[in-house]
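Got your viewer open and a selection prompt ready? Load the model below and follow along, one stop at a time.

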Amino acid sequence: MKNENNNLKKLLTICCSNMKGLTQKKIIEKYLPMKIENISIYKKDNRIILEKEKEEITDIWEDNGYYSNLDILKNITPIYGIECKNDNIFELMKYRSKIILALL
């Protein structure tokens with residue numbers, strides 16, 4: 001990932017450690033807002049917004065005080081050319097490996 005952002009690395013690391021799980025919103029939100037090149041990631045109301053060049057790409061909704069780690073990853077990583085084909089365990093392992101390699 002070019003122009004690495006320390007908060008982005010920490011956020012992706014947290015989400016990769018338990019891909020199918022949930023993380024408390026206060027843990028996720030301490031890394032927000034962040035801006036990397038022309039991409040902004042910030043909290044608004046009960047959701048995380050991803051913007052590229054001032055245009056909203058997607059949002060991730062909070063559920064009972066938690067965010068889905070996999071939802072966060074699936075929405076952030078395509079910006080860097082890393083996508084998850086499906087949710088079976090083998091594909092998730094490959095997806096996680098690609099993210100970890102990008103973080104190195």
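**First stop: a hairpin**

Select β2 and β3: the two strands make a hairpin with two residues between them, and Glu 37 in the turn has a positive phi of about 50°. β2 covers residues 34-36 and β3 covers residues 39-44, and they pair in the antiparallel sense over three bridges. Pairing here takes at least two DSSP bridges between the strands. Show Lys 35 too, and you'll find Ser 40 of β3 opposite.

Before going on, some housekeeping. This is a predicted model, in which local features need pLDDT of at least 70 and side-chain atom pairs count only at pLDDT 80 or more, while totals for chains, interfaces and linings use all residues. Residues are numbered from 1 along each chain as its sequence is written, and side-chain values use heavy atoms, with hydrogens and water left out.

**Second stop: the next hairpin**

Keep β3 selected and add β4 (residues 47-52): these two pair in the antiparallel sense over six bridges. Lys 43 sits opposite Ile 48 of β4. This is again a hairpin with two residues between its strands. Which residue in the turn has a positive phi? Asp 45, at about 55°. Asp 45 is exposed, with a relative accessible area of 56%. (Exposed means over 50% relative accessible area, buried under 20%, and partly exposed in between, with a 1.4 Å probe and protein chains only.)

**Third stop: backbone oddities**

Most residues other than glycine have a negative phi, and most peptide bonds are trans. Asn 64 is worth a click here: its phi is positive, about 55°, although it is not a glycine. Look for Asn 64 in the loop between β5 and β6; at a relative accessible area of 69%, Asn 64 is exposed.

Now jump to the loop between α2 and β2, where Pro 33 is found. The peptide bond from Leu 32 to Pro 33 is cis, with omega near -5°.

**Fourth stop: salt bridges**

How many salt bridges does the structure hold? Five, where a salt bridge is a side-chain nitrogen of Lys or Arg within 4 Å of a carboxyl oxygen of Asp or Glu.

Start with Arg 47 as sticks. Its side chain meets that of Glu 56 in a salt bridge (3.6 Å, N to O). Arg 47 also forms a salt bridge with Asp 59, the closest N and O atoms being 2.7 Å apart. That second pair links distant parts of the chain, with Arg 47 in strand β4 and Asp 59 in strand β5, 12 residues apart. Shared partners join Arg 47, Glu 56 and Asp 59 into one network of salt bridges.

Color the three by accessibility. Arg 47 counts as buried, at 14% relative accessibility. Glu 56 is partly exposed at 42%, and Asp 59 is partly exposed at 23%.

Next, select Lys 25 and Glu 62, whose side chains meet in a salt bridge (3.7 Å, N to O). Lys 25 lies in helix α2 (residues 25-29) and Glu 62 in the loop between β5 (55-61) and β6 (66-68), so the pair ties together parts that are 37 residues apart in sequence. Is Glu 62 buried or exposed? Buried, with a relative accessible area of 18%; Lys 25 is partly exposed, at 25%.

**Fifth stop: a helix with a buried face**

Select residues 69-76, helix α3, and show its buried residues: Asn 69, Leu 70, Ile 72, Leu 73 and Ile 76. Seen down the axis of α3, they fall within an arc of 160°, so they line one face of the helix. The arc is that of the directions from the helix axis to the C-beta atoms.

**Sixth stop: a nonpolar patch**

Turn on the surface and pick Ile 89, Phe 90 and Met 93, which form a nonpolar patch with about 360 Å² of accessible area together. Met 93 belongs to helix α4 (residues 89-103) and counts as exposed, at 51% relative accessibility.

**Last stop: zoom out**

Switch to cartoon: the chain has four helices and six strands, in the order α-β-α-β-β-β-β-β-α-α from the N terminus on. Helices (H or I, at least four residues) and strands (E, at least two) are DSSP runs. Of the 104 residues, 40% count as buried. The C-alpha atoms fill a box of roughly 35 × 35 × 20 Å, taken along the principal axes.

Notes: Patch = residues over 30% accessible without salt bridge, like charges linked within 9 Å, V, L, I, M, F, W, Y side chains within 5 Å. Areas by Shrake-Rupley, 256 points an atom, 1.4 Å probe, with all protein chains shown as cover.
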